[in-house]
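Dear colleague,

Please find below the structure that I am handing over to you. My account of what was found in it follows directly after.

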Amino acid sequence: MWRYTLSNFSMWFAGVVLVAVLAHPGVATACSTCFSANEAGRLAYYGTTVGLSLLPLALVVGLGYWIYRVYFKAKS
Amino acid sequence: MANPESKNQLATLLVILTEVMFFGGLLSAYWVLRAQIQPWPPIGQPRFPVGLTAWNTGLLLLSGWLYWKGQKSLLAGNKKYWAYILLAALGGACFVLIQGVEWWRLLQFGMYATENVYGGIFYLIVGSHAFHVLVALGVILYLLWGISRGKYSKENASPLLSGGYFWFFVVALWPVLYVALYLI
């Protein structure tokens with residue numbers, strides 16, 4: 001019963017969001033190099049893209065090491 | 001996972017990982033915006049109080065050290081460990097107070113978040129950090145309440161260690177923000 005009600009609500013909510021988005025189109029300028037094409041801006045954009053791509057990997061490796069260390073300590 | 005205590009700390013670490021990504025995103029936005037606006041800071045905008053904030057940074061680092069000493073004392077079986085935790089909380093509260101004074105002065109100089117990108121990104125990043133300090137202070141106050149009821153011991157130190165993870169994150173993050181926003 002609960003799942004049926006939730007599903008109905010979800011579909012209704014998704015429909016409202018879809019209509020709201022389609023009814024208000026706008027220009028998307030999310031890319032920082034789209035509105036400013038200077039060299040420093042491009043370099044900062046590429047640098048932060050690389051940084052933010054590598055950061056999650058570093059975090060996952062760090063977490064894996066922490067889990068390994070706790071497990072190893074508990075076993076010994 | 002090895003034991004329930006480790007689970008508490010793992011959960012705290014997972015929260016911290018999301019926070020690292022959050023602040024990583026904010027700092028990336030700052031660097032991209034800054035690279036596009038010349039000169040930086042924009043003409044007519046006030047400079048940030050580097051000296052006062054340096055002292056404030058030292059105060060926050062001291063607070064982190066005090067918390068660490070409190071943890072060590074608890075694990076060593078020292079009953080007076082609560083004094084270190086209390087002093088750490090006071091140090092954190094003073095940090096937020098001094099930052100509040102700094103913000104008030106910047107507002108007096110006419111630097112508003114809605115004025116331009118310079119003010120907007122500054123208040124967003126520093127404000128996000130201050131919010132995290134306040135949340136961490138709330139956690140420490142909760143821990144102090146637990147300490148007053150004798151809830152923690154050498155054998156049951158996990159909540160203090162988990163709270164410590166979050167406090168150390170907040171403390172370690174600030175020098176990075178200080179260098180990026182105030183010094184470079």
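**Overall make-up of the two chains**

In chain B, buried residues account for 47% of the 184 residues. For chain A, with its 76 residues, the buried share is 12%. Please keep in mind throughout that this is a predicted model.

Chain B contains five helices and zero strands, so that its elements, read from the N terminus, follow the order α-α-α-α-α. Its C-alpha trace spans about 60 × 35 × 25 Å along the principal axes. Of the contacts in chain B between residues at least 6 apart in sequence, 79% join residues at least 24 apart. Chain A has three helices and zero strands, and from the N terminus its elements run α-α-α.

**Helix α5 of chain B and its partners**

Two helix pairs in chain B deserve your attention, and α5(B) takes part in both.

The first pair joins helix α4 (residues 117-148) of chain B to helix α5 (residues 158-183) of chain B; their axes come within 10 Å and cross at roughly 160°. An angle over 145 degrees counts as roughly antiparallel, and α4(B) and α5(B) are therefore roughly antiparallel to each other. Their crossing is left-handed. By class, the residues in this contact of α4(B) with α5(B) comprise 20 nonpolar, three polar and no charged ones. On the α4(B) side, the residues that meet α5(B) include Phe122(B), Ile125(B), His129(B), His132(B), Ile140(B) and Leu143(B). On the α5(B) side, Pro159(B), Gly163(B), Phe166(B), Trp167(B), Trp174(B) and Tyr182(B) are among them.

The second pair is helix α3 (residues 81-108) of chain B with α5(B), where the axes come within 13 Å and cross at roughly 30°. Because angles under 35 degrees count as roughly parallel, α3(B) and α5(B) are described as roughly parallel to each other. The crossing of α3(B) and α5(B) is again left-handed. In this contact of α3(B) with α5(B), eight residues are nonpolar, two are polar and one is charged. From α3(B), the residues Tyr81(B), Ile85(B), Ala88(B), Gly92(B), Phe95(B), Gln99(B) and Glu102(B) take part. They meet Leu160(B), Trp167(B), Trp174(B) and Tyr182(B) of α5(B).

**Two buried residues in chain B**

Ile85(B) belongs to helix α3 of chain B and is buried, at 0% relative accessibility. Leaving aside residues up to four places away in sequence, Ile85(B) touches Tyr67(B), Gly70(B), Gln71(B), Ile140(B), Leu144(B), Ile147(B) and Leu160(B). With regard to one of these, Ile140(B), the separation from Ile85(B) is 55 residues in sequence and 7.6 Å in space, C-alpha to C-alpha. Ile140(B) also appears among the α4(B) residues that meet α5(B).

Asn56(B) is located in helix α2 (residues 50-75) of chain B. Its relative accessible area is 2%, and Asn56(B) is therefore buried, since the term applies under 20%. Not counting residues up to four places away in sequence, Asn56(B) is in contact with Cys94(B), Phe95(B), Ile98(B) and Gln99(B). Of these, Phe95(B) and Gln99(B) are also among the α3(B) residues that meet α5(B).

**Cis peptide bonds in a loop of chain B**

The loop between α1 (4-36) and α2 of chain B holds Pro39(B), and Pro41(B) is likewise found in the loop between α1 and α2 of chain B. The peptide bond joining Gln38(B) and Pro39(B) is cis, with omega about -5°. A cis peptide bond also leads from Trp40(B) to Pro41(B), with omega near 0°.

**The salt bridge in chain A**

How many salt bridges does the structure hold over all chains? There is one. The side chains of Glu39(A) and Arg42(A) form a salt bridge, at 2.8 Å from N to O. Both residues lie in helix α3 (residues 39-75) of chain A, and because Glu39(A) and Arg42(A) are three residues apart there, about one helical turn separates them. Glu39(A) is partly exposed, with a relative accessible area of 48%. Arg42(A) also counts as partly exposed, at 27% relative accessibility.

With kind regards

Methods: Residues numbered from 1 in each chain as written. Chains lettered and ligands numbered in written order. Predicted model: local features only at pLDDT ≥ 70, side-chain atom pairs only at ≥ 80, totals over all residues. Heavy atoms only, no water. Axes fitted to C-alpha atoms, helices over the stretch in contact; angles between N-to-C directions. Helix = DSSP H or I, 4+ residues; strand = E, 2+ residues; numbered from the N terminus. Parallel < 35°, antiparallel > 145°, perpendicular 65-115°, else oblique. Left-handed = near helix turned anticlockwise from the far one by under 90°. Contact = heavy atoms within 4.5 Å. Nonpolar A, V, L, I, M, F, W, Y, C, P; charged D, E, K, R; others polar. Salt bridge = Lys/Arg side-chain N within 4 Å of Asp/Glu carboxyl O. Buried < 20%, exposed > 50% of the residue type's maximum accessible area, 1.4 Å probe, protein only.
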